[in-house]
Every structure is written in C-alpha cells, then in structure tokens.
Amino acid sequence: MIVRIMGEGQVRLADGHLTELNKLDDELLAEMENGDGPAFRRTLQALLTRVRDLGDPLPDDSLEPSELILPSPDATLEEVRDFLSDDGLIPG
C-alpha cells in the first residue's frame, strides 16, 4: 500500500501493518470524539511515526498514486476530521 503523509511524501507500507496502525487510529477517533486535544496530538504523532518507521520511503520524484492519505503532523483536530471516513484514517 502506498501511503502519503501530507507535506512529507510517500512510503510503501505492507498490509500486514494495518492491524497495528488501526489500534492507534481507534485511539485517535476516541480522543477526537472526546475533544481531548493533547491526547489527540500525541496519538496523531505516534501514528505518523509508526507509518514512517514501518514504511519504506519512495523517492521524491516518484508519482505513484496514494492508496491512503494521512494528515500532516501539525494538522488540527478540525482538519483531521475532514480526512475521516467511517473507519477513521486507516481503513479496516
């Protein structure tokens, strides 16, 4: 799966990592629903860090279509709401 982090570029991420990322995504959803800004910020950073750690960066000049687009690390709670689907940021 090709994942884009807004403002950073793309990584290739094995589908096998989605379960782990979904746990962080579920936490992020709960924090958004509760309006817990500080916890939201920590979990968003943790989610993006795991994507960077688990993924293989694609070259900057690569033009592969992204299957998943994640918000930038400095995105606000309101901006992240715009990214959400029924499954959160990560499908599944």
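Strands here are DSSP runs of E at least two residues long, numbered from the N terminus. With that settled, Gln10 can be placed in strand β2 of what is a predicted model.

Gln10 makes a handy way in. What is its relative accessibility, and does that count as buried or exposed? The value comes out at 6%, and since buried means under 20% relative accessible area, Gln10 counts as buried. Its side chain still finds polar partners: it reaches the backbone oxygen of Glu64 at 2.7 Å, and a polar contact of 2.7 Å also joins it to the side chain of Ser66. Setting aside neighbours within four places in sequence, the residues in contact with Gln10 include Ile2, Val3 and Arg4, along with Asp56, Pro57 and Leu58. Ser62, Glu64, Pro65 and Ser66 are on that list too.

Now for the sheet that β2 belongs to. Strands of a sheet pair through backbone hydrogen bonds, either parallel or antiparallel. In this model four strands make an open sheet, ordered β3-β2-β1-β4, with mixed pairing. The edges are taken by β3 (56–57) and β4 (68–70), each of which has a single partner strand, so one side of each is left without a neighbour in the sheet.

Going through the pairs one at a time, β1 (residues 2–5) runs parallel to β4, with three bridges between them. Across that pair, Val3 sits opposite Leu68, and Arg4 sits opposite Ile69. On the β2 side, β1 pairs in the antiparallel sense over four bridges. Here Ile5 has Gly9 as its bridge partner, and Val3 has Val11. The β1 and β2 strands form a hairpin with three residues between them, and Gly7 in the turn takes a positive phi of about 85°. Finally, β2 and β3 are antiparallel over two bridges, with Arg12 standing opposite Asp56.

The loop between β3 and β4 holds Asp60. This residue is exposed, with a relative accessible area of 78%. Even so, the chain brings it back towards the hairpin: the C-alpha atoms of Asp60 and Gly9 are separated by 6.7 Å, although these positions lie 51 residues apart along the chain count. That is, the two residues are 51 residues apart along the chain.

On to the helices. Which strands does helix α2 (residues 37–54) lie across? The helix lies across β1, β2 (9–12), β3 and β4, and runs at about 135° to β1. With 18 residues, α2 reaches 26 Å from its first C-alpha to its last, close to the 26 Å expected at 1.5 Å a residue. Its buried residues are Ala39, Phe40, Thr43, Leu44, Leu47, Leu48 and Val51. Seen down the axis of α2, these fall within an arc of 160°, so they line one face of the helix. The face turned away from that buried side carries the exposed residues Pro38, Arg42 and Asp53. As for what the buried residues of α2 pack against, the partners are β1, β2, α1 (18–34), β4 and α3 (77–83).

Helix α1 gives a similar sort of check on its length. Its 17 residues should span 24 Å at 1.5 Å a residue, and its end C-alpha atoms are 24 Å apart, which agrees. The buried set in α1 consists of Leu18, Leu21, Asn22, Leu24, Asp25, Leu28, Leu29, Glu31 and Met32. These buried residues pack against α2 and α3.

What about the link between the two helices? Just after α1, Gly35 takes a positive phi of about 70°. Asp36 lies in the loop between α1 and α2, and is partly exposed, with a relative accessible area of 33%. At the start of α2, a side-chain oxygen of Asp36 comes to within 3.2 Å of the backbone nitrogen of Ala39, and Ala39 is one of the buried residues of the helix. How far apart in space are Asp36 and Leu77, C-alpha to C-alpha? The distance is 9.2 Å, for two residues that are 41 residues apart in sequence.

Note on methods: Residues are numbered from 1 along each chain as its sequence is written. This is a predicted model: local features need pLDDT of at least 70, side-chain atom pairs count only at pLDDT 80 or more; totals for chains, interfaces and linings use all residues. Side-chain values use heavy atoms; hydrogens and water are left out. Two strands pair if DSSP finds at least two bridges between them. Contact means heavy atoms within 4.5 Å. Axes are lines fitted to C-alpha atoms, for helices over the stretch in contact, and angles run from 0 to 180 degrees between N-to-C directions. The expected span of a helix is 1.5 Å times one less than its number of residues. Buried means under 20% relative accessible area, exposed over 50%, partly exposed in between (1.4 Å probe, protein chains only). The arc is that of the directions from the helix axis to the C-beta atoms. A polar contact is a pair of N or O atoms within 3.5 Å; within protein, one must be able to donate a hydrogen and the other to accept it, and residues adjacent in sequence count only if both atoms are side-chain atoms.
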